[in-house]
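Reader: Please take one part of this model and go through it closely. I would like the cut-offs stated as you go.

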Amino acid sequence: MSTTGKIDNPEKLNEIIAGCQNGDNRAFTQLIDAYSTRCYGYFYRLTGNTGVSDDLLSRLFVRLVEKIGSFKGGSFEKWLFTIASNIFNDYLRHEYRQRKLLEAHAEQLAEETPRRRSDDEMADRLQQQIAKLDDDTAELITLRFYGELSFKELSELRGEPIGTTLSKVHRGLRKLRELMGAQDG
Amino acid sequence: MADMKEKLEDMLNGFLAADQARQAAEDIRSGDRLMRQYPAPLPSADLLRDINSKVSRTLRIRRLKRVVRSVAAVAAVFVLGGMLLFFSGDEGDRTVRHVAVAPDWWDDSAVETLTAEVDDVVRTMISISIDDTFVDDHIPDFDEAELEELEAIAMSDDFWKG
């Protein structure tokens, strides 16, 4: 996985975060460089749509500016990907409402609205198979992979027991492998 | 990767039998390998430029709001101080201060004049702040509409809504 501009040194990361909390524009640029690739991957794998991913990534970093003052230490990645997850779920709710509204007016129109995970021409094989997983599992797998979160962090983020998280990720990844294998066959 | 942070087998052993835990760990690792084989697209340079510019703009608006809040707080202290002075003391003192500070303090037009003056000070501070921001950060000029939008956001701050 490409992690362009990744900050491996925790002290450096703390310094950048402190800069962001003081409103330093350059510190935000460094943070964007460090995390945009992974956050974009997270959004793309869940939506399968580059336009939507562009929009969600923009929203994430603008919200980061507004929220950075509330970061009180601990795992920055867990904190960042919690915001990313909230943004994605807001997007899902908005799209669900929009679709319901359209369905109420005209079934034909509803069919023309973009699907949450569109198999667009750019989508790779993995994307097509992730789209076949249920929403919850797809989000867990992508959160873990792109957020580089431990199972402990993941279970805390999701507010569920670690055993449940382990089991869901295990089943999800095994299903994904089977789906990829089935496509090969 | 995440499994570097923790010992996967040890964790799985807490929930599964040893051979099942080994198998589950292998399933998870091979799933991770699969994810690595298919990297997601990268955000475009245009998108990153756009995000950086949105972040800069958000930061400027927040700075502006802070300035307005500070000026408003100082103005509020002055107004409250004046009112306390006016309402404290005996009738004789009040009359003297009334005459000395503002002959028609409770007259609507006088209050409007004072409000307009405070607004004027706030607008001046905003324009100074915007000028400073341009010089410090080398940010291109706003057009008129953007400037008005910034001012509108700043002036509609909760303080002014009471």
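Author: What follows covers a pair of packed helices, and then the side of the chain that touches its partner. This is a predicted model, in which local features need pLDDT of at least 70, side-chain atom pairs count only at pLDDT 80 or more, and totals for chains, interfaces and linings use all residues. Residues are numbered from 1 along each chain as its sequence is written, and chains are lettered from A in the order in which they are written.

The axes of α3(A) and α4(A), residues 76-105, come within 10 Å and cross at roughly 130 degrees. Axes are lines fitted to C-alpha atoms, for helices over the stretch in contact, and angles run from 0 to 180 degrees between N-to-C directions. The two helices are therefore oblique, the class left after under 35 degrees (roughly parallel), over 145 (roughly antiparallel) and 65 to 115 (roughly perpendicular). From α3(A), the contact is made by A:Leu56, A:Arg59, A:Leu60, A:Arg63, A:Leu64 and A:Lys67; α4(A) contributes A:Ile83, A:Ala84, A:Ile87, A:Phe88 and A:Tyr91. Contact requires C-beta atoms, placed from the backbone, within 7 Å. By class, eight of these residues are nonpolar, none polar and three charged. Ala, Val, Leu, Ile, Met, Phe, Trp, Tyr, Cys and Pro count as nonpolar, Asp, Glu, Lys and Arg as charged, and the others as polar.

Between the chains, 39 residues of chain A are in contact with 35 residues of chain B. Helices supplying at least two residues each to that side of chain A include α3 (50-67) and α2 (25-47). The largest share, ten residues, comes from α2(A).

Note on methods
Contact = placed C-beta atoms within 7 Å. Helix = DSSP H or I, 4+ residues; strand = E, 2+ residues; numbered from the N terminus.
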